[in-house]
Amino acid sequence: MLGKIKDAIQGRLYKKCIEEYERELRCQTEPYLVWVRETEQGGPVSAKNAVGIVCMEQCGRDFSLAAFKQDYILFVSEAGRLADWAAGEIAQYFEVHQDVDIVYADEDTWMMPAEQVLSADESAHRIFPWTKPMWSPDTLLSFLYFGNVFAVRRAAFAAQEWLGEDDYRKNIYDFVLRASEGAHSPGHLEKILFHAYRTGKNRADIEDTLMHETDFIGVGAMYDSIRERAFARRGVQAKMVLDAATGISYPIYELPDTPLVSIVIPSKDNPEALMQCIRSIDAHTAYPNYEIIVVDNGSTESVRSILEAFRKECPFEYLYQPMAFNFSRMCNIGAQHAKGTYLLLLNDDMEVLESSWLTRMVGQASLEHVGAVGAKLLYPKTTLIQHVGITNTISGPGHKLKLLDDNESYYYGRNRFVYDLIGVTAACILMRKACFLSMEGLYEGLAVAYNDVDLCFRLHGRGLYNVQRNDVVLYHHESLSRGDDLKDERKLKRLTAEKNALYDRHPALYRHDPFIGTLLNSGDPEYSCRWLEGYELSGAAGSTPLLAQESRLPAPETMNQAIMISVEECGREHTKERKPYYLIKGWAYVPGADNARYAFKILLVNSAGKVWAMPVQKRYRKDVAAILPDEMNVEMTGFCNWIAKGALPPDTYELWMTAKDGCSRQRLYRSMEKRLTVE
């Protein structure tokens, strides 16, 4: 009888835990509405009658800017509506940025489901934000990423002739290409100033259509003559080549000669993969002038013999230098021996698939404004994406769209078009050798991870653009289960340490990617809106979570330490808008258990052993759930706690986490192996 009562009580407790978990999970899957309410509180800015508004659809054969008298001309699509404060924001931007003559802004979609009555709350109809990148010249040659809203300083372009076609789309695209060729780069106003109307059966139908759409101004062969005239104006030798399968055109930049490309491949004890890689280069490379340099940091004698014999089949330079694994050092050694004008770093588990790959990459890298060039990487014998560029997320550098099917296009063609990005992977990265050497190569302090990101960050800091060529596709024979490395505590610690070192070297790019903005730089594989953390909110929601004193920690030998923790950020944060605060961020879960049952707290232990506790501020972490497919209810394993300056006495605190089972008396503990110094 007592057993039945106990089971019934536990059943009720478990049901309560599940209900609370699911309610919190629902709350955190609509983050864009929070962004809207938090960031659009200011109200309209006066435009002082300085802005004229032009519908793009009216820019036909006879259109001319000379007919307007206003200082600034705002171009918008008829298929949507301007934000109430758009004209004022545009006028204010131009007044502050006197060196900018053309500016584009962000936008979202105004959802109009066929079967739903419009709500009185306008923000409830706003979905699918399009946060545009900083000025991206190569992306603009792919399509008009300015979208449905951009503005110009009229005086700068009043005398410019329009293309004069009947099709307004061609006129607009030609005008923007010409307008962006001036001495000053276009500006990006990081505010939602336009809402594009979209009707569908329901929200899911609308969002699915938007996610996979590629029908934008500038896409397709009908615009190729406009692009080729732009190349001629700029003194660039290039032609457009249409991919018949996708209907997308790609630029092929032509060099007056065929400069030598040095392909550097680090490898050790991996002869089958290496030989497949080299054979694929030999079989599928139309570019006629390249050398291959293999850098081996200590393969066995039997492997050395295999490779020496293989050199007779496919010639390559073999640099055998036994040493501890350091990917950066191995690449730098290869670069020192390279004779080429261009340098390609290539993993030994890559497989080349078609003949024009190197021609396209070298041509792109020949442009003066370009730093590194990357390729699309798929898992072998599949259409699953492994890499289409690096995004600098709030969780660190990551690969968006990983494991999604490349048969579909995603989020404004991120896996289709040529895109300027913050970085590309060194699994296949090409650049001018002189540029690589001027950057002093890869940073050898990052031996395993993030060395490619560090290089791309430095190139970006020099004003160069890293370009993702999604028309160049290779197989990457990396394991599909590679994400399981994050379950290995030793590897996880090394990865965290190298990520911390990366941001110590590049503090300005911490939690920031100028090619995606703050709204979408979540750690999710998809381009989804991230959750605003509490310290980013105004009002009560942004106050410090409750700190309460607790009893001292139990003796270590009595603790059940079955918690897995990854601390991604720990320390003092500074913002221009708010007072300093201390941030503790990461994710934690109980392996082999239903994580919905557990209530987590962070414990801060001062030098005298006094303990402060604060409830974990849970965060939706789709990325964590993706790498823990065998664990139960781990979508909400993220935590992001903040402590306002002055909330804790100055000291250095040990950090612990405790988890209380809501269905029993079980309590777990685990040290975060981090310390927080409060000043």
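A contact here means heavy atoms within 4.5 Å.

**Figure 1. The whole chain, seen through its contacts and its overall build.** This is a predicted model. Take the contacts in the protein chain between residues at least 6 apart in sequence: 74% of them join residues at least 24 apart. The secondary structure adds up to 16 helices and 30 strands. With a radius of gyration of 27 Å, close to the 26 Å that the globule rule gives for 679 residues, the chain is as compact as a globular protein of that length. If you want a box to put the C-alpha atoms in, roughly 85 × 75 × 50 Å will do, taken along the principal axes.

**Figure 2. Surface and charge of the protein chain.** Of the 679 residues, 55% count as buried. The accessible surface comes to about 28,900 Å², and carbon and sulfur atoms own 50% of that. As for charges, there are 77 positive and 92 negative ones, and their mean positions sit 5 Å apart.

**Figure 3. Inside the largest nonpolar core, around Phe146.** This core has 119 residues. The ones with the most contacts inside it are Phe75, Phe146, Phe150, Phe175 and Leu474. Who does Phe146 touch, leaving out residues up to four places away in sequence? Its partners are Ile102, Tyr104, Ala105, Glu107, Lys132, Trp135, Leu140, Val176 and Pro186. Apart from this core lies another, of 26 residues, with Ile584, Ala593, Met614 and Met672 among them.

**Figure 4. Helix H14, a mostly covered helix.** H14 takes in residues 451–461, and 10 of its 11 residues are buried. The buried set is a mixed bag: Asn451, Asp452, Val453, Asp454, Leu455, Cys456, Phe457, Arg458, Leu459 and His460. Gly463 follows H14 and has a positive phi, near 85°.

**Figure 5. Lys381 and Tyr412, two loop residues with positive phi.** Lys381 is not a glycine, yet its phi is positive, at about 60°. Look for Lys381 in the loop between strand E15 (370–378) and strand E16 (385–387). Tyr412, also not a glycine, has a positive phi of about 60° as well. Its loop runs between strand E18 (396–399) and strand E19 (419–421). Which of the two conditions, buried or exposed, applies to Lys381? Lys381 counts as exposed, because its relative accessibility is 65% and the cut-off for exposed is over 50%. Tyr412 is buried, with a relative accessible area of 7%, where buried means under 20%.

**Figure 6. Asn202 and its distance to Met112.** Asn202 sits in the loop between strand E7 (187–200) and helix H7 (203–212). At 37% relative accessibility, Asn202 counts as partly exposed. Met112 is 90 residues away from Asn202 along the chain, but the C-alpha atoms of the two are separated by 8.1 Å.

**Figure 7. Met564 in strand E23, with Ser355 for scale.** You'll find Met564 in strand E23, which covers residues 564–573. Met564 is buried, with a relative accessible area of 8%. How far apart in space are Met564 and Ser355, going from C-alpha to C-alpha? The distance is 46 Å, and the two residues are 209 residues apart in sequence.

Note on methods
Residues numbered from 1 in each chain as written. Predicted model: local features only at pLDDT ≥ 70, side-chain atom pairs only at ≥ 80, totals over all residues. Heavy atoms only, no water. Core = buried A, V, L, I, M, F, W, Y, C linked by side-chain atoms within 4.5 Å. Buried < 20%, exposed > 50% of the residue type's maximum accessible area, 1.4 Å probe, protein only. Helix = DSSP H or I, 4+ residues; strand = E, 2+ residues; numbered from the N terminus. Rg over C-alpha atoms; globule rule 2.2 N^0.38 Å. Areas by Shrake-Rupley, 256 points an atom, 1.4 Å probe, with all protein chains shown as cover. Lys, Arg positive; Asp, Glu negative; His and termini not counted. Charge placed at Lys NZ, Arg CZ, Asp CG, Glu CD.
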